[in-house]
Amino acid sequence: MSLFSLSRKTKELQKEPPLSINQEEAAKRVLNGSPVIDVRTIKEYQSRRIPNSISVPLQELKLRYKELSKDPVYIVVCETGERSAQATRFLRNLGYKAYNLAAGLISYSGEIEYERESEVYGLFS
């Protein structure tokens, strides 16, 4: 490979947006309407989540990605940022615009919904 080819490849890589964004940027984007894809398990999602997020567990993403529009810029989340990084790379390779929430929900400073007892046990309405 020539030096010219390496230089061109480096420039192409520099044009790609970063894979991950920090919690402050993610919270700002969520407030501005960016849709959130939560790739944790259903049980994890039910216990706590970003309001209005979409639950698509990582193991289902390869089967369900076509349900997602390619128009918005997604924020992809999991508990620690590892599963969501995998999902973000997968979606980007398919032409979706997506960012991983670096360090996951454990670092998120935006609004979080918690499961209520009525949702867990069906006791209250």
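**Notebook: R92, the sheet and the largest pocket**

I began with R92 and listed its contacts, leaving aside neighbours within four places in sequence, and found P17, P18, L19, A98 and Y99. I note at the outset that this is a predicted model, and I read each entry below with that in mind.

I then looked up where R92 sits and found its place in helix α5. For one of the contacts, L19, I checked the separation: R92 and L19 are 73 residues apart in sequence, yet 9.1 Å apart in space, taken C-alpha to C-alpha. I also looked at what the side chain of R92 reaches, and there I noted the backbone oxygen of P18 at 2.6 Å.

Next I followed helix α5 itself, which spans residues 82–93 and lies across β2 (36–38), β5 (73–77) and β6. Its direction relative to β6 comes out at about 170 degrees.

I turned from the helix to the sheet, which is open and has five strands in the order β1-β6-β5-β2-β4, with parallel pairing. At its edges I found β1 (20–21) and β4 (54–55), each of which pairs on one side only. I recall that strands of a sheet pair through backbone hydrogen bonds, either parallel or antiparallel. For β1 the partner is strand β6 (residues 97–101), and I recorded two bridges between them in the parallel sense. Looking for the bridge partner of I21 in β6, I found L101.

My last look-up was the largest pocket, for which I noted about 190 Å³ of space. The pocket is lined by 13 residues, and those closest to its centre are V30, L31, I50, P51 and Y108. I asked myself which helix gives the most to this lining, and the entry is helix α2 (residues 23–31), with three residues. By character, I divided the lining residues into eight nonpolar, four polar and one charged.

How values were computed. Residues numbered from 1 in each chain as written. Predicted model: local features only at pLDDT ≥ 70, side-chain atom pairs only at ≥ 80, totals over all residues. Heavy atoms only, no water. Pairing = 2+ DSSP bridges. Helix = DSSP H or I, 4+ residues; strand = E, 2+ residues; numbered from the N terminus. Contact = heavy atoms within 4.5 Å. Axes fitted to C-alpha atoms, helices over the stretch in contact; angles between N-to-C directions. Polar contact = N/O pair within 3.5 Å; in protein donor to acceptor, adjacent residues only side chain to side chain. 1 Å grid on protein atoms, 1.4 Å probe; cavity = no way out; pocket = protein on both sides within 12 Å on 5 of 7 lines; lining within 4 Å. Points joined across faces, edges and corners; volume = space filled by probe spheres on them. Nonpolar A, V, L, I, M, F, W, Y, C, P; charged D, E, K, R; others polar.
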